Amino acid sequence: MISRRQFLRSVGGLTAASASTAAYGFGEPVFGLRLTRYDLSPRQWPADFPLKIAALADIHACDPWMSLDHIERIVERTNALNADIIVMLGDYVAGHRHVTRFIPASDWAAVLAGLKAPFGVHAILGNHDYWEDKTVQRQGQGMPVARRALERAGIPVYENDAVRLTKDGRPFWLAGLGDQLAYMPARHYRQVTRVGVDDLGATLARVTDDAPVILLAHEPDIALRVPSRVALQLSGHTHGGQVRVLGWSPAVPPKHGVKLAYGHLKLKTDVVVSGGLGCSIMPFRLGVPPEIVQVTLGAKAQAAA
């Protein structure tokens, strides 16, 4: 039989471990930041056309978990990568109420304006950029505050739109999908026939030649419908599950047998789902450190060189 002393020692050990895990989980959003690299050669992307992309997702600006100082450190780390292009994948506003201050959009956008890349900084919106804008939700239309702030800071925001860019005489398309969950809270005010503002067909119709396509889509679920015409889809939203234990994310169930939770997947297009930077629901991350994502296309050609 276990003695009383052994029992108390075991309980004390479990309590200490639980407290340590909790402290780590709550501290990770504030102090953690890693770089995750993917070197990819999608079949739709020319092997001799290297392109380095830096991707930021799910910033969720708020004090104390994602302060302006922390966002500035993210900007500095991202600029230090010397990427060809920087993309931001949505959800700039706080995704939970456990904060000491909601940071005004004009403030976090001014810090993000410090991002620099030869082929620009490009953005899409996420669900929380719509959800937390009560005026847009009540009216069922309009431009969210987050978009206005980004555009005033000189950062273009794409909603079912695409732009043709050229590097070293080689063209490629950057397409941005509208958010797939934009008007979900609007159901509290009226009947809503469709919660998303996404239009994949209209977005890809903006592509007018056979140059390769990179698609930005906040929620990764659209990947199940994205055609092989697209070389790469970059997404966020899931936070990698925000809690991952032995590779398992209970918060992100599979859809149609595919788990679009985190990392690199090969479907008709290559898909990279970022673990993101901030938090939603609770300011707690475990097993999914906040990350900046770097994707290098044409990686095989670079390795050969």
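**Close-ups of a predicted model: three helices and a buried aspartate**

α3 and α6 sit oblique to each other, because an angle of about 40° between them is neither under 35 degrees nor in the 65 to 115 range, and that is the relation to look for in the first view of this predicted model.

**View 1. Helix α3 packs against helix α6 (residues 145-152).** Their axes are 9 Å apart, and the packing angle is about 40°. As for handedness, α3 goes past α6 in a right-handed crossing. On the α3 side, the residues to pick out are Ala105, Ser106, Trp108, Ala109 and Leu112. They meet Val145, Ala146, Ala149 and Leu150 of α6.

**View 2. Helix α2 runs alongside helix α3 (residues 105-112), roughly parallel to it.** Here the two axes come within 9 Å and cross at roughly 25°. That is under the 35 degrees cut-off, so this pair counts as roughly parallel. The crossing of α2 past α3 is right-handed. From α2, the contact draws on Leu68, Ile71, Glu72 and Val75; α3 brings Asp107, Trp108, Val111 and Leu112. Trp108 and Leu112 are worth a second glance, since they turn up in the contact with α2 and again in the one with α6.

**View 3. Helix α2 on its own, with a buried side and an exposed one.** This helix covers residues 68-79, which is 12 residues. From first C-alpha to last, α2 reaches 16 Å, close to the 16 Å expected at 1.5 Å a residue. Which of its residues are buried? They are His70, Ile71, Ile74, Val75 and Thr78. Looking down the axis of α2, these buried residues fall within an arc of 145°, so they line one face of the helix. Turn to the face pointing away from that buried side and you'll find Asp69 and Glu76, both exposed.

**View 4. Aspartate 58 in its loop, with the residues around it.** You'll find this aspartate in the loop between β2 (51-56) and β3 (62-63). Is aspartate 58 buried or exposed? It is buried, with a relative accessible area of 0%. Setting aside neighbours within four places in sequence, aspartate 58 is in contact with Gly90, Asp91, Gly236, Gly276, Leu277 and Gly278, and also with three histidines, His218, His237 and His239. For a sense of how the chain folds back here, take methionine 88: it is 30 residues from aspartate 58 in sequence, yet their C-alpha atoms are 8.5 Å apart in space.

Definitions and conventions
Residues are numbered from 1 along each chain as its sequence is written. This is a predicted model: local features need pLDDT of at least 70, side-chain atom pairs count only at pLDDT 80 or more; totals for chains, interfaces and linings use all residues. Side-chain values use heavy atoms; hydrogens and water are left out. Helices (H or I, at least four residues) and strands (E, at least two) are DSSP runs, numbered from the N terminus. The expected span of a helix is 1.5 Å times one less than its number of residues. Buried means under 20% relative accessible area, exposed over 50%, partly exposed in between (1.4 Å probe, protein chains only). The arc is that of the directions from the helix axis to the C-beta atoms. Axes are lines fitted to C-alpha atoms, for helices over the stretch in contact, and angles run from 0 to 180 degrees between N-to-C directions. Angles under 35 degrees count as roughly parallel, over 145 as roughly antiparallel, 65 to 115 as roughly perpendicular and the rest as oblique. A crossing is left-handed if the near helix is turned anticlockwise from the far one by less than a right angle, and right-handed if clockwise. Contact means heavy atoms within 4.5 Å.
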